[in-house]
Amino acid sequence: MSAVFPTLITQRLALRAWRPEDLDRYRTMSADPEVMRFIGDGQPRTSSDAEISFGRMNEAWRKRGFGIFAVEELETESLIGLCGLEPVDPTVAAAIDAEHATEIGWRLDRSCWGNGYATEAATAVTDWAFSADAALDLRRLLAIVQVKNTASIGVAERLHMVREQRTIVPGNQRWIDVFEVSRAAWTAREAA
Ligand SMILES: CC(C)(COP(=O)(O)OP(=O)(O)OC[C@H]1O[C@@H](n2cnc3c(N)ncnc32)[C@H](O)[C@@H]1OP(=O)(O)O)[C@@H](O)C(=O)NCCC(=O)NCCS
């Protein structure tokens, strides 16, 4: 298992461990209908639901050695969102025949859309995920995106992920696109 909570620094961002003071901004983001529109059932999260998932993000790192990073803008030192890895939800994994696969995800506060931050963060996470430092031994990463979420599809495409399938999630009846990048393709592109 890798070190608990590495910090990844990019040109404009720090991807870092969650701090207790991040909770308020995380709650605000989770309550924003526009931010949550294409996450799961599309409902904004209540304050207590947000608090529960906040705790789980920290716990995941301890349990698995990977998880979701807090994304901070270096210039302002403020939390602007999240990006990281998690196991594909079992219901979705069964629907797309991807048991035990790992998913990359991204989410930004609405005020920070349109700056290239999600792509910058996701590039750093993918570099890390396939690196010897992470020691995760991943063969591939998936991104699972609701088909109407064009902004998120843009991020997957800028990462050169390949759309492998389109299907419907049994639980919430939403159509999803499944994007994939293999370690081989990512490292070949990086080396080029
Ligand atoms: C999905 C989400 C993170 C995408 O955010 P985003 O800001 O559109 O994506 P990026 O950070 O990659 O930024 C790309 C945009 O920034 C622009 N941009 C501006 N300055 C830039 C720079 N210096 N470098 C790169 N892109 C830049 C690009 O042109 C592009 O704009 P366009 O979409 O109008 O062409 C955001 O819409 C979001 O948080 N949505 C809610 C949560 C969500 O749905 N998450 C995904 C679940 S699968």
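Which residues are closest to the ligand? Keep that in mind while you set up the view. The model is predicted.

**Whole chain**

Start with everything shown. The protein has seven helices and eight strands. Its radius of gyration is 16 Å, close to the 16 Å that the globule rule gives for 192 residues, so the protein is as compact as a globular protein of that length. Align the view to the principal axes: the C-alpha atoms fill a box of roughly 40 × 40 × 35 Å.

Now colour by burial. Buried residues account for 28% of the 192 residues. Turn to contacts next. Among those with a separation of 6 or more, 60% join residues 24 or more positions apart.

**The ligand shell**

Select the ligand and the residues around it. The shell holds 21 residues, and the closest are W113, G116, A118, T119 and A151. Three elements give two or more residues each: β5 (102–108), α5 and α6 (150–158). Pick out α6: with five residues, α6 gives the most to the shell.

Colour the shell by residue class. Of its residues, 11 are nonpolar, eight are polar and two are charged.

**Helix α5**

Next, select residues 117–129, which form helix α5. How far apart are its end C-alpha atoms? They are 18 Å apart. That agrees with the expected span, because 13 residues at 1.5 Å a residue should also span 18 Å.

Finish with burial along α5. Its buried residues are Y117, A118, A121, A122, A124, V125, T126 and A129. Stop at A118: this residue is buried, and A118 is also one of the closest to the ligand.

Terms used
Residues are numbered from 1 along each chain as its sequence is written. This is a predicted model: local features need pLDDT of at least 70, side-chain atom pairs count only at pLDDT 80 or more; totals for chains, interfaces and linings use all residues. Helices (H or I, at least four residues) and strands (E, at least two) are DSSP runs, numbered from the N terminus. The expected span of a helix is 1.5 Å times one less than its number of residues. A residue is buried if 20 or more other C-beta atoms lie within 10 Å of its own, exposed if 12 or fewer, and partly exposed in between; C-beta atoms are placed from the backbone. The radius of gyration is taken over C-alpha atoms; the globule rule is 2.2 Å times the number of residues to the power 0.38. Two residues are in contact if their C-beta atoms, placed from the backbone, lie within 7 Å. A residue is near a molecule or strand if its C-beta atom, placed from the backbone, lies within 6 Å of it. Ala, Val, Leu, Ile, Met, Phe, Trp, Tyr, Cys and Pro count as nonpolar, Asp, Glu, Lys and Arg as charged, and the others, Gly among them, as polar.
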